[in-house]
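Student: Got a minute to look at a model with me? I'd like to go through a few spots in it.

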Amino acid sequence: MTSALLTSRTARRRGIAYVLLLALSLILLAFSNTPPVVELQHGLAFAFQPLERAVSSVAGGASSMVTTLTEIQRLRSDNERLSAQNVELRNENARLGAMKVENDELNALLQLRNGLDYTTVAAQVVARDSSELRRVITLDRGSDDGVAAGDSVIAAGGALAGRVEDVGPTFAHVLLVNDTSSTVVGQLATSRATGEVVGQLGGVLVMRNIDATQTVDLGDEVVTAGIELAGGIRSPFPKGLVLGQVIDLRRDANDVVQTAYLDAAADLDRLEYVFVITNYDGGLPPPDQQPTVCGGGPDDTLPEGETPCYTPGPSGSPAPASSASPSRKP
């Protein structure tokens, strides 16, 4: 019963408070437009105006700070995104640049192939040995593709790169012309003077044993001579392949020969694609066609099927055979 009594009192109090608030609201509503109340409102508004401005300023500063932080975060995200795109574009640009260089090299090789009178096999450089003493590259083509030891290897522009040293079914090792053990008979395109083009440390080619009476100028182009030696020995390299240009010259007034230094026509340290000439037969003829050293007297007759002989020269190289004094094989 006590609980019910307390509940009844609480309800009455709430009812009275509600009625009083309602009555006060009606009174204020009734007097809200009266001059005294209006003046009071204006006075209170004027009194609280600095506080309102301060609160508004603080709220505006807080809002501006939040906006600034949000903008900074957005700009940071945009910057990271643009940086990532920039890296991707640089990588793509580098890739396209490499593809353009490769495409230009392949186009140059295709144009070269169309102008050659030889059968060629295109090959890619897959390894290189560029030590101080060796200049050798490995190709991805071998005997299965018709490549054989002794085949000439050319680069873009018809530049001689080297010669196949040894070959396997799917690979070939090429001795480059700037190897210290390489020797090529070169010929100046202007004076037609010849000399031995050899490799040396540092990559510059040396053309030695040029007749001192011949004129050699800087910038002269040197090509393979393709000279057939005595005794039917053909040049290991086809005629007319570009070796390089003369960049320096050494003359000795008391010497019968002069030496030229060449800048190689092919970028031998950066070769990627080359052609291998597979149908040029250089060097010694087949054994059944090789001339033999003279061993008989001048009255000896040559049996049917025999070939003329040759007489070795002073340096051991074959000298031209004499058709007037044939002899038989020993």
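Student: Which side chain does the side chain of Asp 179 make a polar contact with?
Tutor: That would be Ser 181, at 2.6 Å. Keep in mind that this is a predicted model.

Student: Where is Asp 179 found?
Tutor: Asp 179 sits in the loop between β5 and β6, the latter being residues 183-188.

Student: Is Asp 179 buried or exposed?
Tutor: Buried, and yet Asp 179 has no salt bridge.

Student: What's the nearest side chain of opposite charge, then?
Tutor: Arg 134, which is 4.0 Å away from Asp 179.

Student: And which residues is Asp 179 in contact with, leaving aside neighbours within four places in sequence?
Tutor: Arg 134 turns up again there, along with Leu 133, Arg 135 and Gly 199.

Student: OK, new topic. How do β3 and β4 run?
Tutor: Antiparallel, with four bridges joining β3 (residues 152-155) to β4 (residues 159-167). To pick out one pair, Val 153 has Gly 162 in β4 as its bridge partner.

Student: How many residues lie between β3 and β4 in the hairpin?
Tutor: Three. Gly 157 is in that turn and has a positive phi of about 80 degrees.

Student: What does β4 do with β5?
Tutor: β4 also pairs with β5 (residues 172-176), again in the antiparallel sense, over five bridges. In that pairing, Arg 163 has Leu 175 of β5 as its bridge partner. A hairpin of four residues makes the link from β4 to β5.

Student: Let's jump to Thr 213. Where does Thr 213 lie?
Tutor: In the loop between β8 (205-211) and β9 (221-224).

Student: Why is Thr 213 classed as exposed?
Tutor: Because its relative accessible area is 65%, and the cut-off for exposed is over 50%.

Student: What does the side chain of Thr 213 join up with in a polar contact?
Tutor: The side chain of Asp 211, at 2.9 Å. Farther along the chain there's Gln 258, 45 residues apart from Thr 213, and the C-alpha atoms of those two are separated by 8.9 Å.

Student: Zooming out, how many helices and strands are there in the protein?
Tutor: Two helices and 15 strands.

Student: How much of the protein is buried?
Tutor: Buried residues account for 28% of the 330 residues. As for surface, the protein exposes about 21000 Å², and carbon and sulfur atoms supply 57% of that.

Terms used:
Residues numbered from 1 in each chain as written. Predicted model: local features only at pLDDT ≥ 70, side-chain atom pairs only at ≥ 80, totals over all residues. Heavy atoms only, no water. Buried < 20%, exposed > 50% of the residue type's maximum accessible area, 1.4 Å probe, protein only. Polar contact = N/O pair within 3.5 Å; in protein donor to acceptor, adjacent residues only side chain to side chain. Pairing = 2+ DSSP bridges. Areas by Shrake-Rupley, 256 points an atom, 1.4 Å probe, with all protein chains shown as cover. Lys, Arg positive; Asp, Glu negative; His and termini not counted. Contact = heavy atoms within 4.5 Å.
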